[in-house]
Every structure is written in C-alpha cells, then in structure tokens.
Amino acid sequence: DLAMYLAKSSGKNRVVVYAEGMERAAQTKAELITDLDSAVAEGQFAVHYQPTVELSEGVTTGYEALLRWQHPTRGLVPPLEFIPLAEESGAIVEIGRWVLTEATRQAAQWSRQAGRPIDVAVNLSPRQLLDDDVAAAVRAALDASGLPAGQLTLEVTEGVLIDDVEAVVDTLRALRLLGVRIAIDDFGTGYSSLSYLRRLPADVVKIDRSFVQDLGTGGRSTTLVASIIELARSLHLEVVAEGVETEEQHAVLGRLACSHAQGYLFGRPQPAAVQQPAAAVPVPQPRTEATLAARP
Ligand code: C2E
Ligand code: MG
Ligand code: MG
Ligand code: MG
C-alpha cells in the first residue's frame, strides 16, 4: 500500500523498521484487548465528570460521565484509544453497563446532597446500542440508583447509523419510552448531520468542539453555530456547546442565546470526589419568636 511504498522508497532499512512497528502495534492492540476483558472486574476503570452549565443563570445543571482506564502497567489509557478496541471485542457492553450503574448512582447521590436535580449524561457507542439488552441495562441502572429517568441523557454520535439504522432507531425509541433523553454528540462533524437529525429520535444536540473553538475569530463558525442553534430551537431540541475554553467563545454563545455549554472554561473532567455541585440556594427561614429573641 501507499505507506509501504513510501517506506520502501526512502531506503531498505525503513521497511524493516516499519514492519516491526506494525507488528508491535498489533501486539499492543491484542494485549490491550485481552486486558480490557478483566479491567471491570479488576476495578481499573473510573468515571470522571465534566460540568454542563446553563448559560443564562451560570448554574451547573449536570455532568457528562467520561470513562478513564488506569492500566496496571501502561498508566492512564485515553478513551479514544481503548473504546474502539472495546467496541471491536465486545467488551464495551459490560464496560458500558458499569458506567451506567456508576454514573446514575453518583447523580442520584449528588441530587440528594444538593437538594436539587443533578443530571448526568452517559456516552453510548454503536455496539452498545445494538446489544438487545441496552434498554434493560438502563432500566436496571435507574432502578438501582433511584435516579429519575428524566435526569439521564444518553449521548450517541452519527456512528450509530453506520450499521443497522432501523434497529438503532427502534432502540432509541425504546430508551426514550423509559423517559431518558437522547443527545446527538459531536453534531456537525458527520458527512450527513442534517439527515441523521431527521432520522434519530433526539432531545439534545451537542455542537462539536471544532465549531466552538473558532467562535469570535471572524470566520464562518459564528454563522454556522447560530444556524445550528436556530435549527435546534425550531425542532424543540436543547443545545449544548462543547469545548468552550475562552471568555470570548462564552460571550458569543451568550449573544446567540445558546442554552447550555461545557468546556474547560467551566470545568475539566474530574473524579466525583473533586466535583461538588452547589446546593440549591437555601430558602430563607421565617423568623420565629425564638430567633428574634436570640438576636443581640
Ligand atoms: P465526547 O463524548 O465528545 O466527550 C468530550 C471530550 O472532549 C472529552 O474527551 C472531554 O474531556 C473533552 N473536552 C471537554 N471540554 C473540552 C475543552 O474545553 N477543550 C478540549 N480540548 N477538550 C475538551 P475524553 O474524556 O478524552 O473522551 C473522548 C471520547 O471518548 C468522548 O467524546 C466519547 O466519545 C468517548 N467516551 C468517553 N467516555 C465514554 C464512555 O463511557 N462510553 C463510550 N462509549 N464512549 C466514551
Ligand atoms: Mg459525549
Ligand atoms: Mg462530544
Ligand atoms: Mg467531541
């Protein structure tokens, strides 16, 4: 192929190095796939939480659950490296159930502590959606945690439409019947975003970070983001802008009346112990005779 041709054309030794590199990569991949099988049982996964902020009030309304794998010898492996492998091997089904259980439990606990509903969003990959038990797994997680279904959002990308569109749409409908919300993640990056917006039953659109990053730099992104927000509004979908890093991007989103946002500006993904959702503003207690008498 092309890579091999380029390697060859730049000297004979390169071919050997290249082939060794390929072999090593294949071996690493095989090892990671094996290690993924026992990672849930070994307690190597953690969920980190990134706040979602309601922009008009500046209040954190919920968190996105983002999976982290602490590999015993390789250290922290990023999700973009291991999730495709877990998809390929099927391990994602068990891992995904663990994330659902953990994230719903955490959101229910935070909601009790804060005295207001704290939402949580969990990413689902294509293989999880095609597993015929995903609705049962979601139901089980909601039951075990006591989290109201309306506080759980499931995020899917256009990738879920690659395989069996009808089966995926049926599954998303079944999930919505449970009362959970469906978000279209990374919106705008697919080659047919508008057509999947039409096909997927959804409640939320998450504008991909790549559009948000360019806001306020004078390019076309502001117009594009304004259009997505307008489109979402007319379809009665909630909008979340992803990857907000600067005050300038924040200000532009405010002017465009974007309802929700996420990004390093508001908070990075952190372990649950680090995140502390603020309690509801306490309702002032009426003064009683006793408290009035106790005043100096
Ligand atoms: P995603 O669902 O689009 O999540 C957003 C990603 O952007 C996260 O990367 C987050 O850490 C990062 N991010 C958030 N704010 C900012 C920002 O302001 N600037 C920049 N540069 N990045 C920001 P992360 O945690 O590495 O996750 C990558 C992807 O892995 C996720 O993309 C999601 O597709 C997938 N993923 C993560 N956890 C799970 C999971 O439990 N299950 C499945 N199936 N996929 C997951
Ligand atoms: Mg997501
Ligand atoms: Mg996203
Ligand atoms: Mg993204």
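This briefing covers the metal sites, salt bridges and a charged surface patch of one structure. The model is predicted. Two magnesium ions, ligand 2 and ligand 3, lie 3.8 Å apart, and Asp185 bridges them. The whole structure holds 11 salt bridges. One residue, Glu64, appears in both stories: Glu64 coordinates the magnesium ion (ligand 2) and forms a salt bridge with Lys206.

**Magnesium ion (ligand 2)**

- Its donors are Glu64 (OE), Asn123 (OD1), Glu155 (OE) and Asp185 (OD), at 2.0 to 2.3 Å.
- Along the chain, the donors of the magnesium ion (ligand 2) follow the spacing E-x58-N-x31-E-x29-D.
- Glu64 sits in strand β2 (residues 59-71) and Asn123 in strand β4 (residues 119-123), so this pair links distant parts of the chain, 59 residues apart.
- Glu64 is buried, at 5% relative accessible area.
- Asn123 is partly exposed, at 28%.

**Magnesium ion (ligand 3)**

- Asp185 (OD), Asp186 (OD) and Glu242, which is listed twice through OE, coordinate the magnesium ion (ligand 3) at 2.0 to 2.7 Å.
- The donor residues of the magnesium ion (ligand 3) are spaced D-D-x55-E in sequence.
- Asp186 belongs to strand β6 (residues 181-187), while Glu242 lies in the loop between β8 (238-241) and α11 (247-255), so the pair ties together parts 56 residues apart in sequence.
- Asp186 is partly exposed, with a relative accessible area of 26%.
- Glu242 counts as buried because its relative accessibility is 12%, and the cut-off for buried is under 20%.

**Salt bridges**

- Lys206 and Glu64 meet through their side chains, at 2.9 Å from N to O.
- Lys206 is in strand β7 (residues 204-207) and Glu64 in strand β2, 142 residues apart.
- Both Lys206 and Glu64 are buried.
- Asp203 pairs with Arg176 at 3.0 Å, N to O.
- Asp203 lies in the loop between α8 (193-199) and β7, and Arg176 in helix α7, so this bridge ties together parts 27 residues apart in sequence.
- Arg181 pairs with Glu238, and their closest N and O atoms are 3.1 Å apart.
- Arg181 is in strand β6 and Glu238 in strand β8, 57 residues apart.
- Arg181 is partly exposed, at 23% relative accessible area, and Glu238 is partly exposed too, at 22%.
- Shared partners join Glu64, Glu155 and Lys206 into one salt-bridge network.

**Surface charge**

- Asp163, Asp164, Glu166 and Asp170 gather in a negatively charged patch on the surface.
- Asp170 is found in helix α7 (residues 165-177).
- Asp170 is partly exposed, with a relative accessible area of 47%.

Key. Residues are numbered from 1 along each chain as its sequence is written. Chains are lettered from A and ligands numbered from 1 in the order in which they are written. This is a predicted model: local features need pLDDT of at least 70, side-chain atom pairs count only at pLDDT 80 or more; totals for chains, interfaces and linings use all residues. Side-chain values use heavy atoms; hydrogens and water are left out. Patches are made of residues with over 30% relative accessible area and no salt bridge: like charges are joined within 9 Å, nonpolar side chains (Val, Leu, Ile, Met, Phe, Trp, Tyr) within 5 Å. Accessible areas come from the Shrake-Rupley method with a 1.4 Å probe; for residues, only the protein chains shown count as cover. A salt bridge is a side-chain nitrogen of Lys or Arg within 4 Å of a carboxyl oxygen of Asp or Glu. Lys and Arg count as positive and Asp and Glu as negative; His and the chain ends are not counted. The place of a charge is taken as NZ of Lys, CZ of Arg, CG of Asp or CD of Glu. Helices (H or I, at least four residues) and strands (E, at least two) are DSSP runs, numbered from the N terminus. Buried means under 20% relative accessible area, exposed over 50%, partly exposed in between (1.4 Å probe, protein chains only). Donors are N, O and S atoms within 2.8 Å of the metal (3.2 Å for Na, K and Ca); water is not among the atoms, so sites may look incomplete.
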